[in-house]
There are 2 protein chains.
Amino acid sequence: MSDTTRHDRTAQQLRLLSDALDSGRLGPIRRLVNTLSPAEIGNLLESLPASKRSVVWGLVDAEDDGEVLVHVGDDVRESLIAEMDPDELVAAIGELDLDDIADLADDLPGQVIEEVLKSMDRENRERLEQVLAFPEGSAGRLMNPDVVTVRADTTVDVVLRYLRLRGDLPEHMDHLFVVSRRHQYLGRVSLGMLVTHDPATPINELMDDEQSPIPATMSEREVANQFSDHDWVSAPVVDENNILLGRITIDDVVDIIREHAEHHALSAAGVDEDEDLFGSVGRAMRRRLVWLFVNLCTAFVASSVVGRFEGTIDKLVALAVLMPIVAGLGGNAGTQVMALMIRGLALGQVGASNLYTLLWKELRVALFNGLLMGAVLGLIVLAWFQNIGLSIVIFAALTCNLLLAASAGVLIPMTVRRFGFEPALASGIFLTAITDSMGFFTFLGLATLLLLN
Amino acid sequence: MSDTTRHDRTAQQLRLLSDALDSGRLGPIRRLVNTLSPAEIGNLLESLPASKRSVVWGLVDAEDDGEVLVHVGDDVRESLIAEMDPDELVAAIGELDLDDIADLADDLPGQVIEEVLKSMDRENRERLEQVLAFPEGSAGRLMNPDVVTVRADTTVDVVLRYLRLRGDLPEHMDHLFVVSRRHQYLGRVSLGMLVTHDPATPINELMDDEQSPIPATMSEREVANQFSDHDWVSAPVVDENNILLGRITIDDVVDIIREHAEHHALSAAGVDEDEDLFGSVGRAMRRRLVWLFVNLCTAFVASSVVGRFEGTIDKLVALAVLMPIVAGLGGNAGTQVMALMIRGLALGQVGASNLYTLLWKELRVALFNGLLMGAVLGLIVLAWFQNIGLSIVIFAALTCNLLLAASAGVLIPMTVRRFGFEPALASGIFLTAITDSMGFFTFLGLATLLLLN
């Protein structure tokens, strides 16, 4: 493996920057910062506390400002925009591709967007307005309306002459799109085809019409699935009449995949993906409180189950010592099953037709693991408390709770999804609410039945 | 948003397949399956229980077999390979690109790899052997050695004539690489440049030599970071003498990003990413047991803390009822902090230079949230148990535990990383071990000090 990873490099840059900032020498910082790509500058800004971030942001080349704004999270973007005056902002945004402007539009002051629109020529303004008319998270909002189109009844030679006249192609343009007179999408021709075929070849012989275009209303998550299922680099976007509107390129899709993965990991832990590592304490507090309060409610449910068995615990305090083990192991076993289910649902691999096969498999895994872990736990408890009844109770309770956890792990994400929510987010709360409450209930309930009568 | 998502489509296909399989009509299944891309067939096979999977696998077009094997997880791949005879397998593998063969190599019987190598011409055999010599997870193992190279001292016209003679280009080839006489990498020329410039233009005027090539020893995780930082579609791979070895394309990078995200989500839950949804019960059991046993050990640590306070609980059973709340909320608050830290570490945004700024911020968030949640919890406890002392104890214990949880959330991933492990995997165990044990300790300890004397 390589010796210098991104982590090492950024850590090194951070150290250099910190030293330079502390000593007030801004020249070296400016040189360091402007050797980086906009994405790397964005990453660096996200790593800096507010005061240092502001100094470094002031040193970034004005021509990179727009691209850097594209590459940072919402909270950090807000803090950077707050430090720019409207003219700077209009200039920075004006440098960007149309799809990037559309991406930032919701975070910009209305007056800035108006200025940017005013500074554009009519064609680009209309294109941008068309993109902005689609809702966030749709293919229409994600697309770049900047496409190069050709007619099917022309030849390679004519197209090459047209392209030489036209000059530079937009970034990541690996295909030209073939359209009808009414701008309807017919197919695409790769640049690779153009350069490997005889100049006299008609375009319609080279045209690939197998890839169906993406409807502008498709969700960005589905766009990402289509790209990775078909190994696309770019894809045409059409409206409901098959009129070509723009194209989506793989670099935007990579960003979506990364964002969704981050969103998944953070939302499962109850954090907002846009949270700025060095943001204000008040904002971080408010954002996390919601989730903590939900957890307080579910914790009270579990706690009230324990409350019903106060009398039992009063007679045998060892129960209070052991009850967290039964609840905790149930939660962990259920989390394993649920993680597999959530992935299966995201990939579309689990549905009504195979749900019961899956549930049956998981119940068998839970039964065997429950019997085995229960036996080990039972033996340890026997050695610790010298109480055979308690040992049998914890053995039975653990097995029951693992069976329950497996059912909950399979059924909760399925149910959450059926109600139209994202399985990862809410499932964790429900799962621990069930494994905790039922873990306490089976353990203390069995103890009441078997040990106190 | 679109009406038919991938989930809906696959679910529909699954239903159709299930019905067809139950009725034994194989013709419709064959037609349905062979309209799908290899990635989609792979996804479908992963959704089927063993017996049905075997029937459907037999119906897949032989020419798609290799591509499907590339697109499934390790466990499912093993089950599919087990059903093919060596000749079929050699034929299927022989159809693949060199980088895909390299990708499968570790899962194939040695005799099959030998047969495949024997069936190749000398050039391809040597290239494949070169790729296989690099360790799994490195850029060298990921690259496709199939590149098109040109010389810097030639012109656009000469290159176009060469390409027309050569014929079709490899997939995702958006750049030609410019090399020296000794095959050292000098720069690259995009197809877009070739088609938009005058035929007489010298190649060295169009050559982009700014993108530094990827060393074959770079880790695939770092390759993915480079691609997404620079919005690349393909990148050259070189050895330590700058000799061009091959190229890496964005489709493989997308797979890496997806795999790493899945690995992250599943390993944090204690599941192997290669686990087959419908694999054998015995294998699933064994894989999950390891993690459950680790959790059993940490649960015993927490439980032994409770054990030290048996006397206190014996005098006030309400403590047993309330203690899971203090421990649980600490665990959740710590998980929030840890999720942010793990993302920050993965992106290289957290290092020694900003660790204390971050810890200080998280301690303030924890203090304010602790005081607020503690006050709410204290009031509820006062209403429930009518015991002002108990109410003050739970208020203080929760605040302490949230402060501890924030410190653990920041410091554990940092420490795990320093010891060279992946922060996501082990951090969760340590965190709950600490928040549970310390939650019980502060709550029961304070109760012993303040309520029993």
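Where chain A meets chain B in this predicted model, the contact takes 113 residues from chain A and 113 residues from chain B. On chain A's side, helix α19(A) gives the most, with 16 residues. If you sort the residues on that side by type, you get 54 nonpolar, 36 polar and 23 charged.

**Two helices across the contact**

- Two packed helices are described by the angle between their axes and the distance between the axes.
- Let's try that on helix α19 (residues 318–346) of chain A and helix α17 (residues 281–308) of chain B: their axes come within 9 Å and cross at roughly 155°.
- Angles over 145 degrees count as roughly antiparallel, so α19(A) is roughly antiparallel to α17(B).
- As for handedness, the crossing of α19(A) and α17(B) is right-handed.
- On the α19(A) side, the residues making this contact include A:L322, A:I325, A:L329 and A:Q336.
- On the α17(B) side, B:R288, B:L292, B:L296 and B:F300 are among them.
- The residues of this helix-to-helix contact split into 13 nonpolar, 6 polar and 1 charged.

**Domains of chain A**

- The domain assignment cuts chain A into domain 1 (6–142), domain 2 (149–250) and domain 3 (281–451).
- Going by C-alpha atoms, the centres of domain 1 and domain 3 of chain A are separated by 46 Å.

**A sheet in chain B: β1, β2 and β3**

- Here 3 strands make an open sheet in the order β1-β2-β3 (chain B), and the pairing is mixed.
- Strands β1 (149–150) and β3 (185–190) of chain B each have a single partner strand, so they stand at the edges, with one side of each left without a neighbour in the sheet.
- Strand β1(B) runs parallel to β2 (residues 175–179) of chain B, and 2 bridges join them.
- You can pick out one of the partnerships by eye: B:T149 has B:F177 in β2(B) as its bridge partner.

**Another sheet in chain B: β4, β5 and β6**

- This open sheet has 3 strands in the order β4-β5-β6 (chain B), with mixed pairing.
- Its edge strands are β4 (214–215) and β6 (244–249) of chain B, and each of them pairs on one side only.
- Strand β5 (residues 234–238) of chain B and β6(B) run antiparallel, joined by 5 bridges.
- To find your way around, look for B:S234, which stands opposite B:T249 in β6(B).
- Helix α16 (residues 250–268) of chain B lies across β5 and β6 of chain B, and runs at about 60° to β6(B).

Terms used:
Residues are numbered from 1 along each chain as its sequence is written. Chains are lettered from A and ligands numbered from 1 in the order in which they are written. This is a predicted model: local features need pLDDT of at least 70, side-chain atom pairs count only at pLDDT 80 or more; totals for chains, interfaces and linings use all residues. Axes are lines fitted to C-alpha atoms, for helices over the stretch in contact, and angles run from 0 to 180 degrees between N-to-C directions. Helices (H or I, at least four residues) and strands (E, at least two) are DSSP runs, numbered from the N terminus. Angles under 35 degrees count as roughly parallel, over 145 as roughly antiparallel, 65 to 115 as roughly perpendicular and the rest as oblique. A crossing is left-handed if the near helix is turned anticlockwise from the far one by less than a right angle, and right-handed if clockwise. Two residues are in contact if their C-beta atoms, placed from the backbone, lie within 7 Å. Ala, Val, Leu, Ile, Met, Phe, Trp, Tyr, Cys and Pro count as nonpolar, Asp, Glu, Lys and Arg as charged, and the others, Gly among them, as polar. Domain bounds come from an automatic or database domain assignment. Two strands pair if DSSP finds at least two bridges between them.
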